[in-house]
Amino acid sequence: MKLLKNLLPAMAVSLAALSVPSALAAQWHMPTPYGDANLPTKIAYDFAEQIKESTDGEVDIKVHSGASLMKHPEIPRAVRTGQVQLGEVFIGIMGNTHPIFKHDNIPFLATDYEQAQKLWEAAKPEIEKQLSKEGMILLYTVPWPAQSLYTKKPVNSLADIKGTKMRAYSPSTSRLADLMDTTPTTVQVPDIPQAFSTGIIDAMVTSPSTGANGQAWDYLSHFTEIKAWIPKNFVVVNKRAFKRLDKDAQKAILDAAAAAEARGWAEVLDQEAKDTKTLADNGIVVSKPSEQLLNELQAIGVTMTEEWEAENSQALAPVLKAYKN
C-alpha cells in the first residue's frame, strides 16, 4: 500500500504530461466569403489540412465557407479584434480602410496575370504595413479570374446599360458603377441569384467563376469579356494569435501559405477558361467587347487610376511607379 501511495503521484504527473499536447492544441476558426466550388475556398481547405498535418494537430483550423460563420464585410474586423484567428477577404472590400486595398479593383490598370502579379508585388509592402497597423499579418493571396460584364441583354456601349442597377461589392466597384452611369447596389455573392431574379440588380462585373458557380444562366443571358481587372482574396491572421504559437507552428503556417499562394496563381488561368466554357455550355452568350465599349471603359479606368492616386499620393505614387517601371 505504501508503494502504491508513492506511485500514484508519479503516475498522475505522467498522465498530465501525456495530456499536454492536446491541451495546447489550438482550434482556430477561418471564415471565408465564398462557396466550396470556388478556387480560393478549395485552396483554403488544403491550406488548413496542410497545417494540421505539419503541426501534428497542434493547430487545427476549421474553415467556415460561404459566409456561414459571418458575413463577408464582418470578417476583417473579426480577425482584427481576435473574434476569429484568421479569415479570407476580398481585398477590395477594405478600400475604405486605406486606398492601397483598392489597388487591384482599378479597371484596366492590370488586365492580364503577368501585370496583376507585378502590381501585387508593387502594392504588397504597403498592404503589409497597413495590415500590421490593424493587428493583422498577411499570409497569402489567391487571384480571381479576370472580371467581365454580365447582363440580361447585349451591350455594345455604355448607353445600352445607362440607368440600370449595377451590383457593387467594394468602394471601387461602386465608383465604377457611378462612372458607367448606372446605380450601384451592394449585393454579396450568396445573394446574387435572388437579386437578379427580383430586379434588385440588372448587371454586374465579376469573374466567370462567380457566374458558373452561381448558375448565372438561370437569371441572365450575356457575358461580355471586358477583362477589366484581376482582383484577389487574401488570407490574414490575427497578429497576437500568430505570435502566441511556437516557432515551428509559425513556420508551418507560413510554409502552407506560400504553397497556397503559388497554387492560386498557377491554377487561375485554367479556372478562368473552364468557368467561361461552363457559362457558354449552359446557354449564356459569351462575346468580346465592341471597340466602343472597350474605349469607354478604358477611359473610366484612366479616371479611376487618377482618382485613386489622389486619395493618398504619398503612399500610392510609389506603388504606381514601381508597377509601371
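The following exchange goes through an aromatic pair and two pockets in this predicted model.

User: Why is the aromatic pair of Tyr-34 and Trp-144 called edge-to-face?

Analyst: The ring centres of Tyr-34 and Trp-144 are 4.8 Å apart, which is within the 6.5 Å allowed for a pair, and their planes make an angle of 75°; because an angle over 60 degrees counts as edge-to-face, the pair takes that name. A search of the whole structure gives 6 aromatic pairs.

User: What makes this pair a tie between parts that are apart in sequence?

Analyst: Tyr-34 sits in the loop between strand 1 (26-31) and helix 2 (39-54), while Trp-144 sits in the loop between strand 4 (136-143) and strand 5 (148-151), so the contact joins parts 110 residues apart in sequence.

User: How do you know whether Tyr-34 and Trp-144 are buried or exposed?

Analyst: The relative accessible area of Tyr-34 is 7% and that of Trp-144 is 3%; because buried means under 20%, both residues are buried.

User: What makes up the lining of the largest pocket, by class?

Analyst: This pocket, with about 210 Å³ of space, is lined by 13 residues, among them Ala-26, Trp-28 and Arg-244, and the lining divides into 6 nonpolar, 3 polar and 4 charged residues. Strand 1 and helix 8 (239-243) each supply at least two of the lining residues.

User: Which classes line the second largest pocket?

Analyst: Its lining has 7 nonpolar, 7 polar and no charged residues; Gly-214, one of the residues nearest the centre, falls in the polar class because Gly is counted there. Helix 7 gives the largest share of this lining, 3 residues.

How values were computed: Residues numbered from 1 in each chain as written. Predicted model: local features only at pLDDT ≥ 70, side-chain atom pairs only at ≥ 80, totals over all residues. Heavy atoms only, no water. Phe/Tyr/Trp six-rings, centres within 6.5 Å; stacked < 30°, edge-to-face > 60°. Helix = DSSP H or I, 4+ residues; strand = E, 2+ residues; numbered from the N terminus. Buried < 20%, exposed > 50% of the residue type's maximum accessible area, 1.4 Å probe, protein only. 1 Å grid on protein atoms, 1.4 Å probe; cavity = no way out; pocket = protein on both sides within 12 Å on 5 of 7 lines; lining within 4 Å. Points joined across faces, edges and corners; volume = space filled by probe spheres on them.
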